[in-house]
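Here is a report on the fold, the pocket and a few single residues of one protein chain. Have the coordinates open while you read.

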Amino acid sequence: MKQLIICGLSSFIIYLFVFYSPKSKRNNIYNLPTGEQYLPHHERMRKGIEEFNSLPYERVSVKSFDGLSLSAKYYHQKDNVPVIIAFHGYRATAIRDFSGGQKLWFSNGLNALVVDQRAMGNSEGNTITFGIKERRDCLSWINYCIDRFGKDVKIMLTGISMGASTILMANDLNLPKNVKGIIADCPFSSPKQIICKVCEDMKMPSKFFYPSIYLGARIFGGFNLNEQSA
């Protein structure tokens with residue numbers, strides 16, 4: 001019994017550390033990445049964020065397959081043009097991750113739907129699932145665009161990091177023919193592999209820690225980390 005209690009407690013603590021997303025830490029668009037390679041670019045990144053954040057948008061929402069209210073910003077350029085749907089990374093914000101990138105979309109005449117992934121930004125939920133449930137959210141947003149813009153609307157998917165893995169996983173869901181392409185920037189190959197890599201980078205042997213991480217996701221997050229890969 002004591003061992004079960006210790007196992008359960010350790011899995012819960014790991015769940016909080018890896019998967020749980022507190023509302024108080026979701027909307028800091030200036031949470032810039034640290035590290036020597038990023039520091040010289042922080043000022044340029046801040047200016048890009050400010051520019052993107054100043055653009056007019058429409059706040060829109062959909063219901064997820066499991067009943068969450070998911071939020072996004074829609075940027076309209078012109079009627080009857082393709083829509084690009086953008087998915088940000090782990091514990092990030094769309095405004096930060098796509099600042100600068102929006103210039104490429106808009107200069108090419110695209111409308112943009114910039115998504116807050118579940119448990120991040122203004123979307124509901126408490127658990128980040130590394131693309132496992134998020135891939136079905138991607139399908140919900142695709143269907144939203146088809147319902148709103150018509151059955152002939154052309155759609156592109158783009159994502160960064162976990163967002164890139166999300167859209168690659170979504171591609172296994174028999175997506176509507178409206179989806180014409182995917183731009184995946186630095187995805188991880190699978191939730192398990194990226195978690196194990198981070199464990200090793202932190203000098204935490206993954207063969208010892210991954211079972212507890214898996215249990216934390218399964219018991220407290222309600223999902224199977226090994227269910228899907230990119």
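The report takes the sheet first, then a helix packed on it, the pocket, selected residues and the cysteines.

**The sheet**

The model is predicted. Six strands make up an open sheet with mixed pairing. Their order is S1-S2-S4-S3-S5-S6. Strand S1 (58-63) and strand S6 (179-185) are the edge strands, each pairing on one side only. Direction ignored, neighbouring strands of this sheet are turned by 25° against each other on average.

Start at the S1 edge. S1 and S2 run antiparallel and are joined by six bridges. One residue pair shows the register: Arg 59 has Lys 73 in S2 as its bridge partner. The two strands form a hairpin, with five residues between them. Gly 67 sits in that turn and has a positive phi of about 90°.

Next comes strand S2 (residues 69-75). Six of its seven residues are buried, so S2 is largely enclosed by the rest of the structure. S2 also pairs with S4, in the antiparallel sense, over four bridges. Here Ala 72 has Val 115 in S4 as its bridge partner.

Val 115 appears again in the following pair. Strand S3 (residues 83-87) and strand S4 (residues 111-115) pair in the parallel sense. Five bridges hold this pairing. Phe 87 has Val 115 in S4 as its bridge partner. Val 115 is thus bridged to Ala 72 and to Phe 87.

The three pairings described above are set side by side here.

| Strand pair | Sense | Bridges | Citation |
|---|---|---|---|
| S1 and S2 | antiparallel | six bridges | |
| S2 and S4 | antiparallel | four bridges | |
| S3 and S4 | parallel | five bridges | |

**Helix H6 on the sheet**

Helix H6 (residues 162-170) lies across S3, strand S5 (155-160) and S6. H6 runs at about 140° to S5. How much of H6 is covered? Eight of its nine residues are buried. Among them are Met 162, Ile 167 and Met 169. Small side chains also feature in the buried set, including Gly 163, Ala 164 and Ala 170. Ser 165 and Thr 166 are buried too. The cover over these residues includes S3, helix H5 (134-149), S5, S6 and H7.

**The largest pocket**

The largest pocket holds about 1,300 Å³ of space. It is lined by 36 residues. Which of them are closest to its centre? They are Pro 33, Tyr 38, Tyr 90, Arg 96 and Ser 161. Several helices give two or more residues to the lining: helix H1 (2-18), helix H2 (42-53), helix H3 (94-97), helix H7 (191-201) and helix H8 (206-221). H7 therefore has two roles: it lines the pocket and is part of the cover of H6.

**Loop residues**

Pro 82 is placed in the loop between S2 and S3. Its relative accessible area is 27%, so it is partly exposed. Not counting residues up to four places away in sequence, Pro 82 touches Leu 110, Asn 111 and Lys 154. Met 156 is 74 residues from Pro 82 along the chain, but their C-alpha atoms are separated by 7.4 Å.Two residues that are not glycine have positive phi. Arg 91 has a phi of about 50° and lies in the loop between S3 and H3. Phe 130 has a phi of about 55° and is found in the loop between S4 and H5. Are they buried or exposed, or in between? Arg 91 counts as partly exposed, at 31% relative accessibility. Phe 130 counts as buried, at 7%.

**The cysteines**

How many disulfides are there? The count comes to zero. A disulfide needs two cysteine sulfur atoms within 2.5 Å. For Cys 145, the closest cysteine sulfur is in Cys 138, 9.7 Å away, which is too far for a bond. For Cys 196, the closest cysteine sulfur is in Cys 199, at 6.1 Å, and this is also too far for a bond. Cys 145 counts as buried, at 1% relative accessibility. Cys 196 is buried as well, with a relative accessible area of 15%.

Key: Residues are numbered from 1 along each chain as its sequence is written. This is a predicted model: local features need pLDDT of at least 70, side-chain atom pairs count only at pLDDT 80 or more; totals for chains, interfaces and linings use all residues. Side-chain values use heavy atoms; hydrogens and water are left out. Buried means under 20% relative accessible area, exposed over 50%, partly exposed in between (1.4 Å probe, protein chains only). Two strands pair if DSSP finds at least two bridges between them. Axes are lines fitted to C-alpha atoms, for helices over the stretch in contact, and angles run from 0 to 180 degrees between N-to-C directions. Contact means heavy atoms within 4.5 Å. On a 1 Å grid over the protein atoms alone, a cavity is a set of points where a 1.4 Å probe fits but cannot get out, and a pocket is an open set with protein on both sides within 12 Å along at least five of seven lines; lining residues have an atom within 4 Å of a point. Grid points are joined across faces, edges and corners, and a volume is the space filled by probe spheres set on the points.
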